[in-house]
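Hi,

Here is the structure I promised to pass on. Have a look at it first, and my notes follow underneath.

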Amino acid sequence: MPQNLSQLVTGRSESHLVAWHGTTLRVHEKVLAPLTRLSERAAKAGFQLGVVSAFRGFSDQLRIWNLKATGKRTVLDTAGKPVDIFSISSIELAHSIMRWSALPGASRHHWGTDLDLIDLKALPKDYKVQLIPEEVEGSGMFAPFHDWLDEEMTRDGFYRPYDRDRGGVSPERWHLSYYPLASTYDGKLTESLILEAWKNQEIALENVLKKNLTEIFQKFVKNISPAPVNTD
């Protein structure tokens, strides 16, 4: 695999990125146009598409991982309740973290193709977005926007990789992926590339992660919703 591609799929390259309109957030250069079209159609429907998170590089994902694995940042269970990380085994802790946070080198946000979206028009003043199910489902403030996305997003090449609980990553209705590109990068990501990205890095729980990487890779990386047929 070309070095630049292996760097891209593991979050160690930024050469493919451009700024999302008027923000410091960055997306893949080929995602800018379809995301802009989706935003414009959302506006006509009465919503204001807001990007909460887009590209996240390897170093940022590593920082999040290490903070959670060492108890410096809260780890949540499937119900969104704090986990007592000191009462569980190392592998149980790794699994708990991966319900909501990807391994460094294995996050779909590394590619610039995946985004966390909300409706800025529905955002209450002084409210801090948490990206939790209550915000996007049922009577949640962003639910109408995501109901609209259910019907419209595939027209511009987007879908939800974490649409339901498959026993790996928790459902994330706010997470959209530009599948014409993301499907390609997903197919290129391998266990060996992740291990390569970990070289000379200080990764909490590294020993247990390496010992169980094949199972982890299948359960938390590849275990996603099938993408729509790529007609791009």
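To start with one residue: does D126 count as buried or exposed? D126 counts as exposed, because its relative accessibility is 74% and exposed means over 50% relative accessible area, with buried under 20% and partly exposed in between (1.4 Å probe, protein chains only). D126 sits in the loop between β4 and α5, and its phi is positive, near 70 degrees, in a residue other than glycine. Most residues other than glycine have a negative phi.

Some ground rules before the rest. This is a predicted model, where local features need pLDDT of at least 70 and side-chain atom pairs count only at pLDDT 80 or more, while totals for chains, interfaces and linings use all residues. Residues are numbered from 1 along each chain as its sequence is written, and side-chain values use heavy atoms, with hydrogens and water left out.

Overall picture

The protein has 10 helices and 6 strands; these are DSSP runs numbered from the N terminus (helices are H or I with at least four residues, strands are E with at least two). Its radius of gyration is 17 Å, close to the 17 Å that the globule rule gives for 232 residues, so the protein is as compact as a globular protein of that length. That radius is taken over C-alpha atoms, and the rule is 2.2 Å times the number of residues to the power 0.38. The C-alpha trace spans about 50 × 40 × 30 Å along its principal axes, and buried residues account for 50% of the 232.

The sheet

Four strands, in the order β3-β4-β6-β5, make an open sheet with antiparallel pairing. Strands β3 and β5 (158-159) are at the edges with a single partner strand each, so one side of each has no neighbour in the sheet. Two strands count as paired if DSSP finds at least two bridges between them. At one edge, β3 pairs with β4 (residues 114-119) over 4 bridges, and S53 has D116 in β4 as its bridge partner. At the other, β5 pairs with β6 (residues 175-178) over 2 bridges, with Y159 opposite S177 in β6.

Strand β3 is mostly covered, with 4 of its 5 residues buried. G50 is found in this strand and counts as buried, at 3% relative accessibility. From G50 to H95 is 45 residues in sequence and 30 Å in space, C-alpha to C-alpha.

Helix α8 and what follows

Which residues of α8 (residues 191-198) are buried? They are L193, I194, A197 and W198. Those four cover an arc of only 140 degrees around the axis, which puts them on the same side of α8; the arc is that of the directions from the helix axis to the C-beta atoms. After α8 comes N200, in the loop between α8 and α9 (206-211). N200 is not a glycine, yet its phi is positive, near 65 degrees. At 83% relative accessibility, N200 counts as exposed.

Pockets and the cavity

All of this was done on a 1 Å grid over the protein atoms alone: a cavity is a set of points where a 1.4 Å probe fits but cannot get out, a pocket is an open set with protein on both sides within 12 Å along at least five of seven lines, and lining residues have an atom within 4 Å of a point. Points are joined across faces, edges and corners, and a volume is the space filled by probe spheres set on them.

The largest pocket holds about 1,100 Å³ of space. It is lined by 42 residues, and K68, W100, S101, Q130 and L131 are the closest to its centre. Elements giving two or more residues to that lining include β3 (49-53), α3 (58-69) and α4 (90-98). By class, the lining has 23 nonpolar, 11 polar and 8 charged residues (nonpolar: Ala, Val, Leu, Ile, Met, Phe, Trp, Tyr, Cys and Pro; charged: Asp, Glu, Lys and Arg; polar: the others, Gly among them).

The second largest pocket has a volume of about 230 Å³. Of its 13 lining residues, R26, F55, R56, G57 and D60 are the closest to the centre, and α3 gives the most to the lining, with 5 residues.

The search also found 1 cavity of 30 Å³ or more, with a volume of about 40 Å³. Its lining is P161, Y162, R164, R166, V169, N223 and I224.

Cheers
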